[in-house]
Amino acid sequence: MSWKKVALIAAVLLVIALALHFGKSVDSAGKTAEHAAASVPVEVASARRGDIELSLQLVGRVEAWSTVTVRARVSGQLESLSFTPGTHVRKGSVLAQIDPRLLRAQLDQARGNVARDRAQLQKAQADQKRYADMLGKGFVSRADYDLYQANLAVAKAALQSDLAAQELAQTQLDYARIVAPFDGVTGAPLVYPGAQISADSTDIVVLNQVEPVRVAFNIPEDTLSAVRDALARGDVPVQVTASGDHGAPLAGTLQFVDNAVDASTGTIVLKARFDNVDYRLTPGQFVQVSLPTTRLTNVVSVPVHALQSSTNGSFVFVLGADGKVQQRPVTAGPTSAGRTVIDKGLQGGENVVTEGQMLLVDGASAHVAAR
């Protein structure tokens, strides 16, 4: 055999060997890929046994605890405003000042009248005492004595009247200095320095008390009995979440149930109190309200998105310790706070699939996806 034939046979054998080697590699990779594809990545959560509060999810509106339109109690020209619009003010803080000069002059006049009356009273008292002595000695008649006795009474009455006028003038002068009746937030000024203020009619500024606040919301009339039952057990907690607020929900307490159902809507108004110490709630703001109505004890619950539906009813995928999933039919109960109560078909502690159900069938392999 020539060397050319030997070389040709060797080359053929080499090609066959390489083909067999690469064929095995490709087959092994295919089996590995098939195995990887068979195990579906999923997310799971544990079925939890415990107590659940059933809650109504509602829309509410924040109300100021108190709202006052500040007005002057005396007339005059507005001299100054002492607040920055939209800021917090304390009770007793000066909001506005009316020109006090005319009122101060009236007070000075009243004080002068009181001083005059005191002098006249002292003279009347001295005359009455002197004539009383003279009457006892028979030097004056009873008629003359009665006249000075009357003069004393007139002097006392005049002093009392002018003391009241002085107090009135002092009060009116105090009213020229307008102060906040409670801690709150000021709105925009409704009048500006230089304007003429009329007593009890000219609005100066609106003041809202925002610590605490109320949240008002409506519930259907058929849930009212559950709310009353909850109130009978004690304080009913209420949680609210404001739009765009990424903090924890604010906790408050139900305080008010209206005394009548609105016949046109079939709802009734409730109000809850919130301390609002961090001013996260603003009057007029819409919020999401969560109102618990009933407590379920020792029940099994799963996240809402673990529950699936089919023509045969509701089911969940349960991931076993062997990495296999079981399609388990369940009887679902009420839903609250993102969890659904499972009345039948599931035990506490079992792992249910919450993400990836679309790729699963009964008996499929699955593994918890790394996060």
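The largest pocket of the structure has a volume of about 240 Å³. Of the 18 residues that line this pocket, Ile-52, Glu-53, Ser-55, Ser-336 and Ala-337 are the closest to its centre. The structure examined here is a predicted model. Strand 2 (48-71), strand 10 and strand 13 each contribute at least two residues to the lining of the largest pocket, and the greatest contribution, seven residues, comes from strand 2. By residue class, the lining of the largest pocket comprises seven nonpolar, six polar and five charged residues.

The second largest pocket has a volume of about 150 Å³. Its lining consists of Glu-53, Ala-230, Arg-233, Gly-234, Asp-235, Val-236, Pro-237, Pro-292, Thr-293, Thr-294 and Arg-295. Glu-53, named above among the residues closest to the centre of the largest pocket, is thus also found in the lining of the second largest pocket. At least two lining residues of the second largest pocket are supplied by helix 4 (224-233), and at least two by strand 13. Strand 13 gives the most to this lining, with four residues. The lining of the second largest pocket divides into four nonpolar, three polar and four charged residues.

Strand 10, which supplies at least two residues of the lining of the largest pocket, spans residues 237-242 and shows an alternating arrangement of side chains. Val-238, Val-240 and Ala-242 point to one face and are buried. Pro-237, Gln-239 and Thr-241 point to the other face and are not buried. In a regular strand the side chains alternate between the two faces of the sheet. Pro-237 of strand 10 is also one of the residues that line the second largest pocket.

Strand 10 pairs with strand 11 (residues 250-257) in the antiparallel sense, over four bridges. Within this pairing, Gly-252 of strand 11 is the bridge partner of Val-238. Strand 10 is likewise joined to strand 13 (residues 286-303) by four bridges, and these two strands run antiparallel. Here the bridge partner of Val-240 is Val-289 in strand 13. Val-238 and Val-240, both buried, therefore have bridge partners in strand 11 and strand 13, respectively. A separate element of the fold is an open sheet of four strands in the order 6-5-3-8, with antiparallel pairing. The edge strands of this sheet are strand 6 (177-179) and strand 8 (196-197), each of which pairs on one side only. Strand 5 (residues 94-98) and strand 6 run antiparallel and are joined by three bridges. Val-94 has Val-179, in strand 6, as its bridge partner.

Salt bridges were also examined. The structure holds 10 salt bridges. Side chains of opposite charge can pair when their charged atoms come close. Lys-271 forms a salt bridge with Glu-63, in which the closest N and O atoms are 3.2 Å apart. Lys-271 belongs to strand 12 (residues 267-274) and Glu-63 to strand 2, so the pair ties together parts that lie 208 residues apart in sequence. Lys-271 counts as partly exposed because its relative accessibility is 21%, a value that is not under the 20% limit for a buried residue. Glu-63 is partly exposed as well, with a relative accessible area of 27%.

A second salt bridge that involves strand 2 is formed by the side chains of Asp-203 and Arg-71, with an N to O distance of 2.5 Å. This pair links distant parts of the chain, as Asp-203 lies in strand 9 (residues 203-220) and Arg-71 in strand 2, 132 residues apart. Asp-203, at 28% relative accessibility, is partly exposed. Arg-71, at 41%, is also partly exposed.

Asp-278 and Arg-280 form a further salt bridge, with the closest N and O atoms 3.9 Å apart. With relative accessibilities of 42% for Asp-278 and 26% for Arg-280, both residues count as partly exposed. In addition, Arg-116, Asp-117 and Asp-162 are linked in a network of salt bridges.

Note on methods
Residues are numbered from 1 along each chain as its sequence is written. This is a predicted model: local features need pLDDT of at least 70, side-chain atom pairs count only at pLDDT 80 or more; totals for chains, interfaces and linings use all residues. Side-chain values use heavy atoms; hydrogens and water are left out. Buried means under 20% relative accessible area, exposed over 50%, partly exposed in between (1.4 Å probe, protein chains only). Two strands pair if DSSP finds at least two bridges between them. On a 1 Å grid over the protein atoms alone, a cavity is a set of points where a 1.4 Å probe fits but cannot get out, and a pocket is an open set with protein on both sides within 12 Å along at least five of seven lines; lining residues have an atom within 4 Å of a point. Grid points are joined across faces, edges and corners, and a volume is the space filled by probe spheres set on the points. Ala, Val, Leu, Ile, Met, Phe, Trp, Tyr, Cys and Pro count as nonpolar, Asp, Glu, Lys and Arg as charged, and the others, Gly among them, as polar. A salt bridge is a side-chain nitrogen of Lys or Arg within 4 Å of a carboxyl oxygen of Asp or Glu.
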